[in-house]
Amino acid sequence: PISIEFDEETKIVAAHKFKIGLYFATWWALNVVFNIYNKKVLNAFPFPWLTSTLSLAAGSFIMLVSWATRIAETPKTDIDFLKALFPVAVAHTIGHVAATVSMSKVAVSFTHIIKSGEPAFSVLVSSLFLGQTFPLPLYLSLVPIIGGCALAAVTELNFNLTGFMGAMISNLAFVFRNIFSKKGMKGKSVGGMNYYACLSMMSLLILTPFAIAVEGPKVWALGWQNAVSQIGPNFIWWVVAQSVFYHLYNQVSYMFLNEISPLTFSIGNTMKRIVVIVSSIIIFQNPIQPVNALGATIAIFGTFLYSQAKQLEKFGKKDE
Ligand code: 3PG
């Protein structure tokens, strides 16, 4: 028999690659399930503020139970940690609600096409607010991202301004969330899982009064009996699925953030959107025109170019 000997280093590299691959696959799969059930819930119960609140509540509940039963270690937090977390939670809340409002008005695929433009927002915010400058290839990579998103938006059969603006606001909010999170996590002993747990809890506290103020009266006016008869018997399971999977995909992504570079993270996030766009089009049988799909492809290709330009920028800095 032929036996192939692998040296220790090869084995470690292979094990690391396997782990990263597994993380990516888990993150994307959880996200696809979340997106599908979230849309099913929104189709039956078009109250995005309240459904966003439920997903944060489910995550907070899961983590409180995990801490109480010692499945997860309770984090040691202090007032400085909470102060640093506050702007992250505000941005997370706005980004989450805005994305959910968007998905309540347009196809899941459309929301994610616009959300694939997030790198453009990242550059814009870093240039305008942080005074950063970037090499020319990076700015040029924004042309296909913005152009592709614009083409997809103008050719979208079911275009809706609230749906479009929701995805744009979500992009902007998540760029701020990522900037603040990186600052907040630096040098802290709270790991990714617990960081996200604290984030959900604070977001839940921020969002609840607003969600009740915005949508409470509408649900009240509809009447509980009507609301229940309108939603059907499986609704409760869809809510459970969307809430639990929302927490799980975010938790995995925050744990992931600890392991990989922000660059690999953002490439993974864009690839995640491709998986979500394709699977939601198949599942919800959304009609798409070739020119619409072309816009999405250009935007996603632009994100790939952006990641390449970012990598060049990183190497350039190392050489300096
Ligand atoms: C949300 O509801 O928060 C969004 O669907 C999140 O989108 P993202 O995590 O894919 O950016």
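Mentor: Before we look at any span, helices here are DSSP runs of H or I with at least four residues, strands are DSSP runs of E with at least two, and both are numbered from the N terminus. Please also keep in mind that this is a predicted model.

Trainee: Okay, so what are the helix and strand percentages over residues 20-37?

Mentor: Residues 20-37 are 100% helix and 0% strand, and the C-alpha atoms at the two ends are 26 Å apart. UniProt, in an unreviewed entry, lists this stretch under "transmembrane region", together with others including 49-69, 161-180 and 262-284.

Trainee: And how far apart are the ends of 49-69?

Mentor: The end C-alpha atoms of that span lie 31 Å apart, and its residues are 95% helix and 0% strand.

Trainee: Which helix does α2 pack against, and at what angle?

Mentor: Helix α2, which covers residues 48-68, packs with helix α10, residues 235-257, at about 65 degrees, and the two axes are 8 Å apart. The crossing of these helices is right-handed.

Trainee: Which residues meet there?

Mentor: From α2 the contact takes in T51, L54, S55, A58, G59 and I62, while α10 brings V239, Q242, S243, V244, Y246 and H247. Sorted by class, this contact holds six nonpolar and six polar residues, with no charged ones.

Trainee: Let's zoom in on S243: is it buried or exposed?

Mentor: S243, in helix α10, is buried because 25 other C-beta atoms lie within 10 Å, and the cut-off for buried is 20 or more. Leaving out residues up to four places away in sequence, S243 touches L54, S55 and A58. S243 and Y37 are 206 residues apart in sequence, yet their C-alpha atoms are 8.8 Å apart in space.

Trainee: Changing topic, which residues sit around the ligand?

Mentor: The residues around the ligand are G95, H96, A99, T100, K115 and F174. Helix α3, residues 79-105, gives the largest share of that shell, with four residues. By class, the shell has two nonpolar, three polar and one charged residues.

Trainee: K115 is on that list, so how many residues of helix α4 are buried?

Mentor: Eight of the eight residues in α4, which runs over 108-115, are buried, so the helix is mostly covered. K115 is one of these buried residues, and F110, H112 and I114 are also among them.

Trainee: What about odd backbone angles, like phi at R70?

Mentor: R70 has a positive phi of about 65 degrees although it is not a glycine. R70 sits in the loop between α2 and α3, and it counts as exposed because it has 8 C-beta neighbours inside 10 Å, where 12 or fewer is the limit. Q285, which is also not a glycine, has a positive phi near 50 degrees. Q285 belongs to the loop between α11 and α12, and with 7 C-beta neighbours inside 10 Å it counts as exposed.

Trainee: Last one, what does Y23 contact?

Mentor: Apart from neighbours within four places in sequence, Y23 is in contact with V252 and F256. Y23 lies in helix α1, residues 8-44, and its 17 C-beta neighbours inside 10 Å are why it counts as partly exposed. Y23 and I282 are 259 residues apart in sequence, and their C-alpha atoms are 24 Å apart in space.

Definitions and conventions: Residues numbered from 1 in each chain as written. Predicted model: local features only at pLDDT ≥ 70, side-chain atom pairs only at ≥ 80, totals over all residues. Near = placed C-beta within 6 Å. Nonpolar A, V, L, I, M, F, W, Y, C, P; charged D, E, K, R; others polar. UniProt positions renumbered as here; feature names shortened; annotations may be inferred. Axes fitted to C-alpha atoms, helices over the stretch in contact; angles between N-to-C directions. Left-handed = near helix turned anticlockwise from the far one by under 90°. Contact = placed C-beta atoms within 7 Å.
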